[in-house]
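These are my notebook entries from one pass through the model, set down in the order in which I looked things up.

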Amino acid sequence: MNRRTFLKTLGLAGAAACASAPPAALAAAPDSRSGDQATLFDLSKCVGCGACVEACREANAGRYPEPKKPFPQMVPADRAKPEDWSDQRGVDDRLTPYNWLYVQHFTVEHQGKAVELHMPRRCMHCVNPPCANLCPWGACAKEGDGAVAISSDLCLGGAKCRTVCPWHTPQRQTGVGLYLDLLPAYAGNGVMFKCDRCAPRRAKGQPPACIEACPMGVQSIGPRAEMVARARELARAMDGYIYGLDENGGTNTFYVSPVPFDLL
């Protein structure tokens with residue numbers, strides 16, 4: 001089967017599925033924020049210790065990719081450049097397939113004073129996530145509690161999710177995933193990885209590892225409306241600023257900072 005036939009077959013299957021869908025399935029979707037849990041970061045508390053990063057890595061280590069090498073040759077050769085972080089697993093100052101959370105450090109001048117801040121960075125878990133909306137394989141989806149997750153069993157590593165993400169969050173590891181069993185030269189180039197708010201822990205009723213491990217209580221989690229109210233109250237109390245309420249249509253991650261975010 002060549003690539004054109006493969007994609008045509010998928011297209012026909014998708015069309016058939018839509019044609020057979022009952023009217024209820026085509027009705028207007030409910031409020032996309034209903035049932036969402038959101039997280040709130042109080043940046044005035046973060047000391048940049050990295051305990052959240054270590055907890056994330058420990059909790060998710062069993063889900064990190066183990067690529068098969070050498071990687072399949074692409075056709076055409078420049079279709080998708082391989083991305084390999086498997087020999088750089090210790091990198092923790094940026095997002096990678098082996099590091100789904102990192103802390104960004106800032107020293108900025110605000111109101112005539114030097115201010116040092118530390119900002120934990122990972123997926124923002126958007127209310128209406130473009131990554132999930134545009135994934136052609138349905139590998140990326142928003143879950144009932146508002147977390148946005150990528151299925152490593154379905155993802156082909158096309159990286160459209162990263163292209164449409166304003167923060168370019170998902171990261172690709174070549175040499176793993178479904179594409180190896182389909183058309184490795186023609187379709188995909190690995191699997192995309194990112195924070196899914198510790199899906200295995202959430203399934204057990206446990207909080208994300210980063211929240212549990214933080215010694216300073218930087219992050220809290222709860223119903224979105226409650227976290228929005230708390231973020232606004234906190235911002236008023238510190239005469240601060242909020243990020244995440246409206247960015248990209250609104251997210252389920254809020255940061256409150258004592259300095260404007262355009263300085264960070």
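Entry 1, the sheet. I began with the strands of this predicted model, and found an open sheet of 4 strands in the order S8-S1-S10-S9, with mixed pairing. I noted that strand S8 (219-223) and strand S9 (241-243) stand at the edges, and since each has a single partner strand, one side of each is left without a neighbour in the sheet. For the twist I read an average of 25° from one strand to the next.

Entry 2, strand S1 and its partners. I then took up S1, which covers residues 37-42 and pairs with S8 in the antiparallel sense over 5 bridges. Within this pairing I wrote down that Thr39 stands opposite Ile221, and that the bridge partner of Ala38 is Gly222. Towards strand S10 (residues 253-257) the sense is parallel, with 4 bridges joining S10 to S1, and here I found Phe41 opposite Tyr255. Why is S1 largely enclosed by the rest of the structure? I counted it as such because 5 of the 6 residues of S1 are buried.

Entry 3, helix H2. I next listed the buried residues of H2, which spans residues 51-60, and they are Cys52, Val53, Ala55, Cys56, Arg57 and Asn60. I kept in mind that residues three or four places apart point the same way in an α-helix, because there are 3.6 residues a turn. Looking for what covers the buried residues of H2, I found that the cover includes strand S2 (102-110) and helix H6 (209-213).

Entry 4, Ser86. I looked up Ser86 in the loop between H2 and S2, and I recorded it as buried because its relative accessible area is 8%. Leaving out residues up to four places away in sequence, I found that Ser86 touches Pro67, Lys69, Tyr98 and Gln173. I also checked Ser86 against Pro65, 21 residues apart from it along the chain, and the C-alpha atoms of the two are separated by 7.9 Å.

Entry 5, the cysteines. How many disulfides does a search of the whole structure find? My search returned 0, so I went on to ask how far apart the sulfur atoms lie, given that a pair has to be within 2.5 Å to count. For Cys131 the closest cysteine sulfur is that of Cys140, at 3.5 Å, which is too far for a bond. For Cys210 the closest cysteine sulfur belongs to Cys198, and at 6.1 Å this pair is also too far apart for a bond. I then asked whether these two residues are buried or exposed. Cys131 counts as buried because its relative accessibility is 11%, and Cys210 is buried as well, with a relative accessible area of 12%.

Entry 6, cavities. Finally I searched for enclosed space, and found 3 cavities of 30 Å³ or more in the structure. The volume of the largest cavity came out at about 130 Å³. Its lining is made of 16 residues, and those that lie nearest the centre of this cavity are Cys46, Cys52, Pro120, Cys214 and Val218. I noted that one of these, Cys52, had already appeared in my list of buried residues of H2.

How values were computed:
Residues are numbered from 1 along each chain as its sequence is written. This is a predicted model: local features need pLDDT of at least 70, side-chain atom pairs count only at pLDDT 80 or more; totals for chains, interfaces and linings use all residues. Side-chain values use heavy atoms; hydrogens and water are left out. Buried means under 20% relative accessible area, exposed over 50%, partly exposed in between (1.4 Å probe, protein chains only). Contact means heavy atoms within 4.5 Å. Two strands pair if DSSP finds at least two bridges between them. Axes are lines fitted to C-alpha atoms, for helices over the stretch in contact, and angles run from 0 to 180 degrees between N-to-C directions. On a 1 Å grid over the protein atoms alone, a cavity is a set of points where a 1.4 Å probe fits but cannot get out, and a pocket is an open set with protein on both sides within 12 Å along at least five of seven lines; lining residues have an atom within 4 Å of a point. Grid points are joined across faces, edges and corners, and a volume is the space filled by probe spheres set on the points.
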